[in-house]
Amino acid sequence: MKDRIEQNRKAIRPSWSDLYDLKTYKKMNKPKPEKFLHIDNGLTIDLLKEFKDIKQKSLSECIASRRSLRAFKDQSLTFEELSYLLWETSRVDHIENDIVYKTIPTAGATNSGETFVFINDVEKIESGVYLYIQDKHQLSLVNDDDNINEIVNKALLRQLRGAQVVFYFTHVLPRVEYKYAYFGPKLATLEAGHACQNLSLTAEVIDAGACAIAAYNQEETDHLLKINGADHFTIYCATVGKKK
Ligand SMILES: Cc1cc2nc3c(=O)[nH]c(=O)nc-3n(C[C@H](O)[C@H](O)[C@H](O)COP(=O)(O)O)c2cc1C
């Protein structure tokens, strides 16, 4: 137990100066990992990029009202609200000189993160798990098993609590390890935190709330998202729903 604790502490305090001497894949000129995950199972949904019915709030208001929400009003999220959450949380803002810039900071612009959502109750979208195609602002269906709601809730260790949407922040480790080798897991974890914080504050704008979830079943969640759980796995989840 003590060994395990110490070993894990060590994993999040690598010495940055070691990186200068390290022969990273980047320094070895190995092929670069793919920038984005693209899945096309036939059902792709274009999300909105303009948000006419969303009444903005000040950042201070959003920070002041943010609390983890664990009980939700029984009201669907609108298509516009879902589009807005994804737009502010996970979109690619622009690509310049082959470098990806998102709404959140990413370690050395390596952008190892992907976002999946479970749609439980959103107007105009069938329930299921979707990949957010971050460079196109689209959703692509990944999993619509018959009893998907139960599978999701079980993988969340019964913390779905009737939320309208679940966000899954996953990371493709080779993207960050390419440049930062064994520093990658620490950097990816920090990045997931940035995404979840954007989500928490954006949820406040639409009179909703989020609850960050780290206590989930790792294997069941990766399986649900159809990712391999080895070099691409879930790091953080968040339920989102309307305030009562
Ligand atoms: C890394 C992390 C993991 C968390 N995991 C869970 C979780 O699995 N389930 C849950 O209900 N809340 C979870 N939370 C929410 C915290 O319990 C919550 O932020 C804390 O109680 C403070 O409340 P507040 O968010 O309302 O300020 C998590 C928060 C963080 C930062």
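**Hairpin, sheet and helix contacts**

Reader: In the hairpin of strand 2 and strand 3, what sign and value does the phi of asparagine 97 take?
Author: The model is predicted, with local features needing pLDDT of at least 70 and side-chain atom pairs counting only at pLDDT 80 or more, while totals for chains, interfaces and linings use all residues. Residues are numbered from 1 along each chain as its sequence is written. In this hairpin, where two residues stand between the strands, the phi of asparagine 97 is positive, near 50 degrees.

Reader: How many bridges join strand 2 to strand 3, and which residue is the bridge partner of isoleucine 95?
Author: Strand 2 covers residues 92-96 and strand 3 covers residues 99-102 (strands are DSSP runs of E, at least two residues, and helices runs of H or I, at least four, numbered from the N terminus), and the two run antiparallel with four bridges. The partner of isoleucine 95, lying in strand 3, is valine 100.

Reader: In what order do the seven strands of the open sheet lie?
Author: The chain holds eight helices and nine strands. The edges of the open sheet are strand 1 (44-46) and strand 8 (208-213), each pairing on one side only, where pairing requires at least two DSSP bridges between two strands. The twist from one strand to the next averages 30 degrees. With antiparallel pairing, the order is 1-6-5-4-7-9-8.

Reader: Over how many bridges do strand 5 and strand 6 pair, and which residue stands opposite tyrosine 130?
Author: Strand 5 (residues 128-133) and strand 6 (residues 138-143) pair in the antiparallel sense over five bridges. In strand 6, the residue facing tyrosine 130 is leucine 141.

Reader: At what angle does helix 7 run to strand 9?
Author: Helix 7 lies across strand 4 (113-119), strand 7 (165-172), strand 8 and strand 9 (232-242). Angles run from 0 to 180 degrees between the N-to-C directions of lines fitted to C-alpha atoms, for helices over the stretch in contact. Relative to strand 9, helix 7 runs at about 10 degrees.

Reader: Which residues of helix 7 meet helix 4, and at what angle do the axes cross?
Author: From helix 4 (residues 79-90), the residues Tyr84, Leu85, Glu88, Thr89 and Ser90 meet Ala195, Asn198, Leu199, Thr202 and Ala203 in helix 7, contact meaning C-beta atoms, placed from the backbone, within 7 Å. The axis of helix 4 comes within 8 Å of that of helix 7 (residues 184-205), and the two cross at roughly 145 degrees.

Reader: Where do helix 5 and helix 8 touch, and which residues of helix 8 are involved?
Author: The axes of helix 5 (residues 148-155) and helix 8 (residues 218-225) come within 8 Å and cross at roughly 145 degrees. On the helix 5 side of the contact stand Ile151, Val152, Lys154 and Ala155, and on the helix 8 side stand Glu220, Thr221 and Leu224.

Conventions. Two residues are in contact if their C-beta atoms, placed from the backbone, lie within 7 Å.
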